[in-house]
Amino acid sequence: MGLTAGDGFVCGLLMDSAQPYCWGNSIYIQMGVPQPMVSGVIYSEISAGDHHLCALRKPDNRRGNANTSLVDCWGYNMTASYVFDGMFKLITAGSVFNCGLFSDNGTVSCWGDETGSSITSLIPRDKRFRRISAGGYHVCGILEGKDSKVFCWGRSLDLEEQISVAAAYYRGEGSVDQAPNESMVTVVGGRFHACGIKFSDHGVICWGFSIKKSTPPPTGVKVYEVAAGDYFTCGVLAEKSLQPICWGLGFPSSLPMAVSPGLCVDLPCSEGFYEFNHETQPCKSPSTRVCLPCSTACPVGMYQTSSCTRDSDRQCGFNCSNCASADCFSNCTSSNTSSVVVPVKKKNGKFWSMQMPVFVIEIVFAVLFVFVVSLAACLYVRYKLHKYQFVVRESSMPPTKNNGNHPSMLKENSKIQPDNLDEIKIRRARMFTYEELETATGGFKEESQVGKGSFSCVFKGVLKDGTVVAVKRAIISADLKKNSKEFHTELDLLSRLNHAHLLNLLGYCEEGGERLLVYEFMAHGSLHQHLHSKNPKLKEQLDWVKRVTIAVQAARGIEYLHGYACPPVIHRDIKSSNILIDEEHNARVSDFGLSLLGPADSSSPLAELPAGTLGYLDPEYYRLHYLTTKSDVYSFGVLLLEILSGRKAIDMQFEEGNIVEWAVPQIKAGDVSSILDPALKHPEDPEALRKIANVAYKCVRMRGKDRPSMDKVTTALEQALVFLMGNHCSEQPILPTEVVLGSSRLHKKSSQRSSNRSEMTTDITTEGDDQRFEFRAPSWITFPSVTSSQRRKSSVSEADMVDGKTLEGKINIGNVVGDGGDGVMMMRCLEEEIRPASPQESLFLQHNF
Ligand SMILES: Nc1ncnc2c1ncn2[C@@H]1O[C@H](COP(=O)(O)OP(=O)(O)OP(=O)(O)O)[C@@H](O)[C@H]1O
């Protein structure tokens with residue numbers, strides 16, 4: 001194979017040096033010729049897994065190793081040279097392993113991550129293969145012999161278990177190692193599925209698991225070649241067009257017009273191959289042709305009608321007088337049971353004459369049906385619109401600040417006046433002209449640039465009225481559609497959300513191809529810049545208290561997204577560069593470009609293709625597309641480890657480059673001090689950091705359902721912060737005022753909380769996530785908003801209830817504000833912020849909760 005691709009990278013064999021050359025965006029496979037590379041070595045074949053590449057060396061008879069195979073691999077966990085007794089015919093890569101097929105005896109040898117795949121221990125030693133193809137955690141091969149049946153093996157128990165958990169999002173008859181009992185010409189492997197081309201009719205057949213929204217494999221078409229991606233497969237249509245077609249999920253949307261089923265080689269084709277003659281003529285030179293391998297035998301139940309010739313493959317036919325398979329029955333007509341194969345033209349003619357009236361009736365019926373349904377739909381929509389307009393006219397209430405912000409109201413309004421939808425959604429954000437922002441940032445000059453993301457550059461700017469802002473300008477790419485999507489997601493979400501620890505959107509600009517978002521300027525940049533700065537002073541600026549405060553604040557922002565926004569929002573890209581720090585070192589969660597509105601019930605996950613940042617990606621989401629709010633919890637766990645250790649989520653300069661794999665064993669062993677950032681002095685009492693490390697460890701558990709929810713994480717972090725600060729710091733509020741505007745979910749939450757009170761225990765940092773007591777921060781951390789006030793109220797009473805004692809003594813709250821004076825004031829604030837629900841809002845609440 002001269003071209004192969006892994007996760008975010010592609011490699012090809014260079015024509016001149018016959019060495020691999022890679023490009024793309026992978027931290028494991030660098031651009032260029034992979035290193036280390038032995039000079040002068042040439043390769044015959046390459047194959048790439050998720051994060052690795054293997055290349056089969058061309059045999060070098062001069063070195064006397066004629067009967068050995070040498071394979072060089074590079075990338076995650078695989079960089080080494082592997083030597084095997086015997087010659088490999090081909091090599092093939094799964095996600096985390098590689099296999100080779102020996103040419104002399106058809107046996108297989110595999111190497112790589114055995115724990116993830118069990119591939120080596122499951123190799124069928126007694127079987128001989130003609131060809132093999134590996135997918136995610138399995139290998140399928142076509143067995144030698146007349147039958148050409150397929151045999152697959154390999155699995156990950158862990159994955160299988162996860163798939164069964166996520167069964168609602170996968171479909172499939174069984175696991176991928178249960179191949180259908182069919183003779184096949186070729187087979188390929190995806191992540192949890194495999195597909196093959198059937199011998200009988202060259203149609204495709206797939207098995208294993210696929211994601212629910214996947215499109216099914218094509219039927220009734222012949223294909224020449226197939227290739228598989230993680231969750232999709234593509235094939236080249238054999239008969240007419242040589243057009244590629246894909247099925248499954250997540251395949252490329254723009255496909256080339258026609259694809260040659262092989263390379264053009266000089267005529268004549270070698271023995272066992274036939275010339276591929278096609279009207280599209282894939283080969284330019286008249287003396288070259290694509291040579292395709294002749295099939296070696298006819299499948300069971302068929303017999304040879306003509307042998308392999310120079311320009312045609314072996315032809316096989318069914319014996320219609322003795323059909324034993326469904327394929328045979330469908331190929332033979334009842335009127336012709338004695339003949340071997342019914343001539344196609346005759347068969348078609350008769351078929352059409354019988355079927356035509358039926359088709360005509362069906363089409364007339366379908367047209368009538370569509371007409372009636374459309375008419376009914378139009379009448380229904382008209383009726384609804386009329387009703388809503390009536391409700392609006394009836395409503396005497398002018399749009400106040402709060403009711404406009406209410407998501408439910410946005411929904412209803414959008415139904416009433418579709419033309420005003422955009423206006424309503426982005427009502428809080430001001431529209432800027434491009435010129436205004438260009439002036440504010442000095443023409444987007446380089447010195448104004450404060451950061452750069454994958455899809456945008458961020459500039460510092462000063463508006464005419466003196467407001468300092470950050471202007472995020474989407475990098476103008478050919479894919480304006482993608483830019484616009486992320487732009488609108490962020491614009492839409494930020495316009496609806498409002499929380500002290502979410503970055504505030506001030507405005508936007510959408511002119512021509514330009515997409516700009518205007519935010520409050522965060523004077524201290526991102527948490528990433530602080531934690532990973534080469535400047536030790538910048539690192540030290542965030543001492544332990546500041547770091548943990550930032551963690552608490554970020555957790556609150558995310559908790560708001562999950563628990564109080566309606567519908568809940570899954571951020572999908574929680575990482576240190578998306579936690580921004582303002583002048584007073586308060587944290588704001590930013591970058592909603594990838595966010596999704598989740599299902600109201602977090603136990604029903606979204607099947608979304610993975611997006612996010614490597615190192616922070618929830619494995620369950622990454623592998624299974626199982627996306628819930630717990631995916632954000634995983635990323636937040638990685639962020640906590642980053643805060644504690646000062647290490648990047650993935651840092652290949654360390655032997656254990658992945659922060660989770662490095663830190664979790666140490667936390668589990670109780671050795672938290674060894675993961676703490678050496679740039680900071682260890683605190684006198686490391687208990688608080690130990691608690692945070694435990695929270696982080698729970699957040700990064702493999703299964704989402706074993707991770708705590710964000711509200712529990714926040715509670716535990718707040719408690720740790722109190723431990724960390726001791727008495728002396730408790731005089732001043734360290735967390736700024738939260739402002740949470742109306743969310744209907746709120747009402748449910750608070751009532752749930754009060755009804756749950758009796759079940760609550762003390763600490764999520766102790767084992768067992770069902771411990772429900774939500775310890776809340778002491779009152780000097782002010783919560784004059786709805787959520788916060790309610791929390792505070794319940795916290796005080798909950799704290800009072802633990803073991804019948806108050807917790808004051810235990811945690812030494814210091815200047816606790818009693819439930820008297822300030823508490824009353826806070827409740828008044830609450831009423832001012834959230835007015836009583838309007839009739840429409842009440843209706844919405846009743847309807848939804
Ligand atoms: N409001 C802001 N104030 C100050 N600096 C900001 C602001 N917003 C972003 N930045 C800086 O710009 C950088 C890039 O931000 P952006 O959100 O575009 O990308 P990212 O999240 O780092 O990367 P990606 O988009 O690839 O996930 C941030 O890391 C931060 O340093």
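What percentage of the contacts in the protein chain with a separation of 6 or more comes from residues 24 or more positions apart? Such pairs account for 55% of those contacts. Please keep in mind, as we walk through it, that this is a predicted model.

**The chain as a whole**

The secondary structure of the protein chain comes to 22 helices and 38 strands. Of its 849 residues, 40% are buried.

**Around the ligand**

Let us turn to the ligand, which has 23 residues around it. Those that come nearest are Gly451, Gly453, Ser454, Ala470 and Met522. Three elements give two or more residues each to this shell, namely β28 (449–452), β29 (456–462) and β30 (468–474). The largest share belongs to β28, with 3 residues. By character, the shell divides into 9 nonpolar, 10 polar and 4 charged residues.

**Lys472 and Val569**

Strand β30 also holds Lys472, a position where UniProt, in an unreviewed entry, places the feature "binding site". Is Lys472 buried or exposed? Lys472 counts as buried because it has 24 C-beta neighbours inside 10 Å, and the cut-off for a buried residue is 20 or more. Leaving aside residues up to four places away in sequence, Lys472 touches Ser456, Val458, Leu516, Leu517 and Tyr519.

Val569 makes a good companion case. This residue is found in strand β33, which covers residues 569–570. Val569 counts as buried too, because 23 C-beta neighbours lie inside 10 Å. The table puts the two residues side by side.

| Residue | Strand | C-beta neighbours inside 10 Å |
|---|---|---|
| Lys472 | β30 | 24 neighbours |
| Val569 | β33 | 23 neighbours |

Val569 also offers a look at a pair separated along the chain: Val569 and Thr629 are 60 residues apart in sequence, while their C-alpha atoms are 7.8 Å apart in space.

**A sheet of three strands**

Which order do the strands follow in the open sheet of 3 strands? The order is β8-β9-β10, and the pairing is antiparallel. At the edges sit β8 (88–93) and β10 (108–112), each of which pairs on one side only. On average, neighbouring strands of this sheet are turned by 20 degrees against each other, with direction ignored.

If you would like to follow one pairing in detail, look at β9 (residues 97–102) and β10, which run antiparallel and are joined by 5 bridges. Within this pairing, Gly100 has Ser109 in β10 as its bridge partner.

Terms used: Residues are numbered from 1 along each chain as its sequence is written. This is a predicted model: local features need pLDDT of at least 70, side-chain atom pairs count only at pLDDT 80 or more; totals for chains, interfaces and linings use all residues. A residue is near a molecule or strand if its C-beta atom, placed from the backbone, lies within 6 Å of it. Helices (H or I, at least four residues) and strands (E, at least two) are DSSP runs, numbered from the N terminus. Ala, Val, Leu, Ile, Met, Phe, Trp, Tyr, Cys and Pro count as nonpolar, Asp, Glu, Lys and Arg as charged, and the others, Gly among them, as polar. A residue is buried if 20 or more other C-beta atoms lie within 10 Å of its own, exposed if 12 or fewer, and partly exposed in between; C-beta atoms are placed from the backbone. Two residues are in contact if their C-beta atoms, placed from the backbone, lie within 7 Å. UniProt positions are given in the numbering used here, feature names are shortened, and annotations may be inferred rather than shown by experiment. Two strands pair if DSSP finds at least two bridges between them. Axes are lines fitted to C-alpha atoms, for helices over the stretch in contact, and angles run from 0 to 180 degrees between N-to-C directions.
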